Amino acid sequence: MNKIGKQYKIKEIFYTLQGEGYHAGRPAIFVRFTGCNLWTGREEDRTSAVCQFCDTDFIGTDGQNGGVYSSTELVEVIKSLWPDDSQIFIVCTGGEPLLQLDQFLVDTFRKNKIYIAVETNGTKLAPKGIDWLCVSPKAGSELLLTKGQELKLVYPQKAQLPPTVAHLDFDHFYLQPMDGHWIKAHTHETVLYCLANPQWKISIQLHKILGID
Ligand code: SF4
């Protein structure tokens, strides 16, 4: 197969501050891949989806700088958004980026000296060469990625509580209060859990507080 001809469906690409987890506050280019394997993204399918609390629009390619790109074109867009000649930091997210992010694209990013962070639900194996792998396990799905730099669990998920993943091979463990109507109660519960279990740190969605994308 001619891998040079491979195309990637991208919902949006934008420059912002990372809002969550270990790299919170760090300028980053978000590359949002289209599609997820745990929800179609359509509201009418939410109650029957494996993952039901998603707050992201990952359907189609109609967002800012969205489109269908070759790896080279993708790198060009990314480079055009970075403000200086320091190392570019990208966050590959989704949807589920590992449905599309393959070895060829990772190798292309690395050839261009791009630092690659990935935020994944952990249900797909990852190509080699990712610099920062952040896995966010979802209740009811099979977790294949059990090793990485950061594990970020949305809390509370009744069927996926911290003890089910606390033994996995990650450098940092974050609990992120589940957003929505009960965010205040969830934040309080998260604080209490972290205080009682110091392996865990809290991840606040900083971008929502700052009012940025
Ligand atoms: S796995 Fe992630 S992208 Fe997919 S539906 Fe859940 S929160 Fe959204």
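Let me start in the middle of the sheet: Ile29 has Ile90, in S4, as its bridge partner. Before going on, the ground rules. This is a predicted model, where local features need pLDDT of at least 70, side-chain atom pairs count only at pLDDT 80 or more, and totals for chains, interfaces and linings use all residues. Residues are numbered from 1 along each chain as its sequence is written. Helices (H or I, at least four residues) and strands (E, at least two) are DSSP runs, numbered from the N terminus.

Back to S4. S2 and S4 run parallel, joined by 4 bridges. Strands count as paired if DSSP finds at least two bridges between them. On to S5, residues 115–120: S4 pairs with S5 over 4 bridges, again in the parallel sense. There, Ile90 has Ile116 as its bridge partner. From S4 the chain crosses through helix H2, residues 103–111, to S5, and this β-α-β crossover is right-handed. That is, with the strands pointing away from the viewer, the path from the first strand over the helix to the second runs clockwise.

How many residues of S4 are buried? The count is 4 of 5, so to speak of S4 as mostly covered is fair. Buried means 20 or more other C-beta atoms within 10 Å of the residue's own; exposed means 12 or fewer; partly exposed lies in between, with C-beta atoms placed from the backbone.

Now the whole sheet. It is open, with 9 strands in the order S3-S1-S2-S4-S5-S6-S7-S8-S9 and mixed pairing. S3 (67–69) and S9 (200–202) are the edge strands, each pairing on one side only. On average, neighbouring strands are turned by 30° against each other, direction ignored. Axes here are lines fitted to C-alpha atoms, for helices over the stretch in contact, and angles run from 0 to 180 degrees between N-to-C directions.

The antiparallel part next. S1 and S2 run antiparallel, with 7 bridges. Phe14 is partnered there by Phe30 of S2. S1 also pairs with S3, antiparallel, over 3 bridges. Lys9 stands opposite Val68 of S3.

Further along, S7 and S8 (residues 169–177) run parallel, with 8 bridges between them. Leu153 has Leu175 of S8 as its bridge partner. Helix H1, residues 71–81, packs on the sheet and touches S1, S2, S3 and S4. Contact means C-beta atoms, placed from the backbone, within 7 Å.

Now the backbone oddities. Most residues other than glycine have a negative phi, and most peptide bonds are trans. Gly94 to Gly95 is a cis peptide bond, omega near 10°. Gly95 sits in the loop between S4 and H2. Tyr155 to Pro156 is also cis, omega near -5°, and Pro156 is in the loop between S7 and S8.

Two residues have positive phi. Asn65 has phi near 60°, in the loop between S2 and S3. Lys113 has phi near 60°, in the loop between H2 and S5. Buried or exposed? Asn65 is buried, because 20 C-beta neighbours lie inside 10 Å. Lys113 is exposed, because the number within 10 Å is 8.

Last, the ligand. Which residues surround it? Among them are Cys36, Trp39, Cys51, Gly94, Gly95, Glu96 and Lys138, near meaning a C-beta atom, placed from the backbone, within 6 Å. The shell divides into 6 nonpolar, 4 polar and 2 charged residues. Ala, Val, Leu, Ile, Met, Phe, Trp, Tyr, Cys and Pro count as nonpolar, Asp, Glu, Lys and Arg as charged, and the others, Gly among them, as polar.

How values were computed. Two residues are in contact if their C-beta atoms, placed from the backbone, lie within 7 Å.
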